[in-house]
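Work through the following exercises with the sequence and the structure side by side, and try each task before you read its solution.

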Amino acid sequence: MDKPGPMIEALPDGTAAVVPMRNVVLFPHLPMPITVGRPKSVAAVEYALAHKAALTIALQKDPGDDDPGLDALCRVGTAVAIVQHRKADDGQVHLVCQGLQRVRLVEVEPGPPFLAARIVQLEESASSSTEAQALALQLRERGIEILSLMPGVPAELAHVLQATRSPAQLADLAASLLDIEPAEKQMLLETLGTEERLRKVLAIVTQRIEVLRLSQEIGARTKEQLDDRQRRFLLQEQLKTIQKELGEEGGENQEIARIEAAIAAAGMPAEIEAQARKELRRLERMQDGSGEYSMLSSWLDWMTELPWAAPEPLTIDIAAARQTLEADHFGLERVKQRIIEFLAVKKLNPQGRAPILCFVGPPGVGKTSLGQSVARAVARPFARVSLGGVHDEAEIRGHRRTYIGAMPGNIVQALRKAGARDGVLMLDEVDKMAASLHGDPSAALLEVLDPEQNATFRDNYLGVPFDLSRVIFIATANVIDQVPGPVRDRMEVIDLPGYTQEEKLQIARRYLLRRQRELNGLTEAQCGFSDEALVAIAASYTREAGVRQLEREIGRVMRAVAMRVAQDPAARLQVEAPALQNLLGPPTVEHEVALRSGQPGVATGLAWTPVGGDILFIEAMRVIGSGRLILTGQLGDVMKESAQAALTLVKSQAAALNLPAGAFDHVDVHLHVPAGAIPKDGPSAGVAMYVALASLFADRPVRPDIAMTGEISLRGLVLPVGGIKEKVLAAQRAGVRTVLLPERNRKDLQDVPESTRQALRFVWLADVHAALDAALDERRPSR
């Protein structure tokens, strides 16, 4: 080492210089090389050399701490003597230390330019028990066994183990040789009892022996597999040589010829065909057992199976298309008219960029079947891509083909399945995609749906542009608000709000009965339905905007009939409304309007939901209190604000409602919207809340056959809302006779079917006074 600096005074007795170690634990009686480089550690070594004093080696609790204090060290360390030392050119000091004894670090000694601490020597019992001797014998055997399993271990280590007779020293020697974490070695250093330390070391050695045995078995199996793979390769090369000598063509040549013929017949554009042939030449030079051969072969198969050829001109017969739509769907006149207009434009301008249609409506209203009807009308193949739950951009664009298991995206897969690039491609459930760490699939969908870009759509797996401009894209969604704005901007939205009872009756007659008879093996003579039975099923066993549940209930009836026919082939059954309870059980849909009305403070509101319209009830109650407004029923922020505005408006109109001056004093108002387990929100419940509160304080019930919707302002104006058609249909399904609507929503009534407009009475509200005049009963309830 270099010449030391000024001599540091000797430390008091019982005090030693401390060298913290990041990942090294030294044991007594054993030599070990270490390296120190931190200035304080170098100073401690220089002090120990100058004063021929022992060092104390202690493990850091945090290896990342560059200047640890005493509290950052494990309190049990090892006193060591420096046997050899050498200082390197970079300032580090390399030492060989001989462990002396376990010590405990008590407290820091201030003053020296290095870490020093008062230490206490930890005495170990010199005698060894019979149990310790037995444990040492077993540890010696296991130690020799583990050395035999470890490659490259000097044979002298086994002799050292054999020569070590002291159980305590044997435990420390085995612990120092083990490849375990520093924390585990520190735990063994802190274990002072010889028997306990032997047990711990023996347990670790036994576990390591099992790991090494398993590792050797895995290595042997891996070597066998590699040898077998090499053997197979040599045999394949010999087989190729034999086939060549015999003049026979190998299977690989046949595969290359097949792919080359497929490329020639695929009709690819010139630059894409050149790329495919270039990759085919690469494939010829590869070994067919390699992983890249399989990857490239799969890519060429996809390229040759895609519909590259230019499609034939569309032959669209508008009259036939209209007949197809009429035969497949009842009602939906505006929707069918828009589809006919779309097809007419396609016929007149086949190369034009037609808008992308998006059918939006509740489940079961026929969105997917409309897309299938469009494909039938234009006599083109139909393919469907389900986007519900897609959260990875690669589902749209595909994976890069360098990845194991890579495949094209769903768009390219659907076109391959359709076999034509001018077919009808339905993007189902486009509102149910979600962004994630793997990207945003809706962003990848922008290129697919943009007529300016999709002529050169590039799938990551293909790596070449593919023309999507001739594909007729049709999207479906339940809630258009959940579709990202840029995607929504590229589509023309067509609403399919739901069916009336009359439309459901006709749909059941024309489509559902025939389909269920075929599924259940019945004929029309064996099972018939009266109109009253179908209406009763729709009204008392379903509450939906579409007809899926209606079809399921019809299927339940037909399965019961099929069971009877199977037992008695001569059985015939005409299903009437009174027999439904025996076949389907009690009605599952309860018309609650009459049950909920008849007392002040209860009003019927109309709500829009993703599955169609529905009715909800506003219940108000007053109790003795301090003037609070209590809201329950899982109301959202918008409905809470509507309730507060309604109560304020009722208070401001106390005189007009003939309420006494103290009607609101010392009273808490509780507003509840069943059912409490369903979250509710939206800007359309203000009128119903106002009417419920006015009915409560005026002590006048709301008429039982009235439902209402609309938002209010503090001036008493009734504001327009959305979802009028869905709400009106829900009112009709629930047995409501009169509907209160905002005056400014009068224009939306034309979307309501004529039969529904004739069946209901509409009251148009410009302000809340008109709502009270129409909704409140003149009679006060009997108390």
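**Exercise 1.** What volume does the second largest pocket have? Describe its lining as well.

*Solution.* Bear in mind throughout that this is a predicted model. Begin with the volume, which for the second largest pocket comes to about 750 Å³. Next, look at the 28 residues that line this pocket, among which His329, Gly366, Ser369, Arg515 and Val547 are the closest to its centre. Then ask which helices contribute: H10 (318-328), H12 (367-378), H17 (501-520) and H19 (548-567) each supply at least two residues of the lining. Finally, sort the lining by class, which gives 9 nonpolar, 9 polar and 10 charged residues.

**Exercise 2.** Which strands form the open sheet of 5 strands, and in what order? Explain what is special about the strands at its edges.

*Solution.* Reading across the sheet, the order is E8-E9-E12-E7-E13, and the pairing is parallel. The edges are taken by E8 (382-386) and E13 (491-495), each of which has a single partner strand, so one side of each is left without a neighbour in the sheet. On average, and with direction ignored, neighbouring strands of this sheet are turned by 25° against each other.

Now take one pair in detail: E8 and E9 (residues 424-428) pair in the parallel sense over 5 bridges, and Arg384 stands opposite Met426 in E9. As a last step, add the helices that pack here. Helix H14 (residues 410-418) touches E8 and E9, and its direction makes about 155° with that of E8. Helix H12, which also supplies at least two residues of the pocket lining in Exercise 1, lies across E7 (356-360), E8, E9 and E12 (472-477), and runs at about 175° to E9.

**Exercise 3.** At what angle do helices H2 and H4 pack? Identify the residues that meet.

*Solution.* Helix H2 (residues 130-149) and helix H4 (residues 167-177) pack at an angle of about 35°, and their axes are 9 Å apart. The crossing, in which H2 passes H4, is left-handed. From H2 come Ala132, Gln133, Ala136, Leu139 and Arg140, which meet Pro167, Leu170, Ala171 and Ala174 in H4. Sorted by class, the residues of this contact divide into 7 nonpolar, 1 polar and 1 charged.

**Exercise 4.** How many cavities of 30 Å³ or more does the structure hold? Characterise the second largest.

*Solution.* The structure holds 4 such cavities, and the second largest has a volume of about 90 Å³. Of the 13 residues that line this cavity, Arg543, Val589, Ala730, Arg733 and Ala734 lie nearest its centre. The largest share of the lining, 3 residues, comes from strand E17.

Notes:
Residues numbered from 1 in each chain as written. Predicted model: local features only at pLDDT ≥ 70, side-chain atom pairs only at ≥ 80, totals over all residues. Heavy atoms only, no water. 1 Å grid on protein atoms, 1.4 Å probe; cavity = no way out; pocket = protein on both sides within 12 Å on 5 of 7 lines; lining within 4 Å. Points joined across faces, edges and corners; volume = space filled by probe spheres on them. Helix = DSSP H or I, 4+ residues; strand = E, 2+ residues; numbered from the N terminus. Nonpolar A, V, L, I, M, F, W, Y, C, P; charged D, E, K, R; others polar. Axes fitted to C-alpha atoms, helices over the stretch in contact; angles between N-to-C directions. Left-handed = near helix turned anticlockwise from the far one by under 90°. Contact = heavy atoms within 4.5 Å. Pairing = 2+ DSSP bridges.
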